[in-house]
Amino acid sequence: MESNDMRSVWQSQGGEAAPMSLEELRRKRDRFRRNIFWRNVREYVAIAVMIPYFSYFAWTSRLLAMRVGNGLLAAGLLVVARQLHRRAAAAKVPGKMGWQSCAAFHRAQLERQRDALNGIWRWYLGPLLPGIATVWIALSIPAFRKSLRAGLLALAWVAIPSVVIWQVARRNDGAADNIQRQIDELDAPEHDGSRSGEPATL
């Protein structure tokens with residue numbers, strides 16, 4: 001789940017000093033939903049490309065550990081795709097809603113995406129770690145058998161995915177915090193449309 005995608009989501013939720021009108025709230029709700037929808041589409045496309053890639057090496061690699069590692073990566077991506085749909089899919093907007101029901105719906109979607117980001121290690125990064133570790137072991141053991149220098153270079157390889165994983169986790173934590181701030185702003189009294197003469201229904 002790329003942090004740039006989530007950053008565009010929460011930046012689009014900027015707060016107002018005055019109570020939001022129903023139309024403003026609806027625009028925020030719909031913009032948020034579109035951003036989530038297209039973020040997930042990009043994730044699904046990337047997964048659809050990477051699964052055949054890892055599956056190919058799981059079938060053709062000479063080393064058993066490489067076959068197992070690539071197979072675990074392909075399986076991990078399937079888990080990620082399923083969890084992405086279950087935890088972070090864009091919800092269908094109900095029919096006619098007044099200010100309170102629209103705000104409740106929008107808040108629920110913000111909470112859902114925040115919770116998905118807070119659980120990134122369980123359902124997004126976690127399923128990929130066994131495959132990454134197995135591939136790394138499969139590469140490093142033969143390298144150490146060849147020479148100490150080759151083994152150390154293989155060990156250094158693990159730093160690349162480790163840094164990427166750490167950056168993904170850190171940025172998603174920041175995005176989750178920003179979504180929480182948007183929830184707090186939506187809950188603030190000055191944003192309560194029911195106190196500003198907004199109609200209860202469309």
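**Helix 6, the cores and a helix pair**

Q: Which residues of helix 6 are buried in this predicted model?
A: Buried here stands for a relative accessible area under 20%. In helix 6, the residues that are buried are G131, T134, V135, A138, S140 and A143.

Q: What covers the buried residues of helix 6, among other elements?
A: The buried residues of helix 6 have a cover made by contact, that is, by heavy atoms within 4.5 Å. That cover includes helix 3 (64-88) and helix 7 (148-157).

Q: How far apart are the end C-alpha atoms of helix 6, and what span should its residues give?
A: Helix 6 runs over residues 129-146 and has 18 residues, so at 1.5 Å a residue it should span 26 Å. This agrees with the distance between its end C-alpha atoms, which is 26 Å.

Q: Which helix gives the most residues to the largest nonpolar core?
A: The largest nonpolar core has 22 residues, of which I47, L77, W123, Y124 and L125 touch the most other members. At least two residues of this core come from each of helix 2 (22-60), helix 3, helix 5 (120-125), helix 6 and helix 8 (159-187). The most, eight residues, are given by helix 3.

Q: At what angle do helix 3 and helix 4 pack?
A: On the side of helix 3, H85, R86, R87 and A88 take part in the contact, and they meet R112, Q113 and A116 of helix 4. By class, this contact has two nonpolar, two polar and three charged residues. The axes of helix 3 and helix 4 (residues 99-118) lie 9 Å apart, and the packing angle is about 145°.

Note on methods: Residues are numbered from 1 along each chain as its sequence is written. This is a predicted model: local features need pLDDT of at least 70, side-chain atom pairs count only at pLDDT 80 or more; totals for chains, interfaces and linings use all residues. Side-chain values use heavy atoms; hydrogens and water are left out. Helices (H or I, at least four residues) and strands (E, at least two) are DSSP runs, numbered from the N terminus. The expected span of a helix is 1.5 Å times one less than its number of residues. Buried means under 20% relative accessible area, exposed over 50%, partly exposed in between (1.4 Å probe, protein chains only). A nonpolar core is a set of buried Ala, Val, Leu, Ile, Met, Phe, Trp, Tyr and Cys residues joined through side-chain atoms within 4.5 Å. Axes are lines fitted to C-alpha atoms, for helices over the stretch in contact, and angles run from 0 to 180 degrees between N-to-C directions. Ala, Val, Leu, Ile, Met, Phe, Trp, Tyr, Cys and Pro count as nonpolar, Asp, Glu, Lys and Arg as charged, and the others, Gly among them, as polar.
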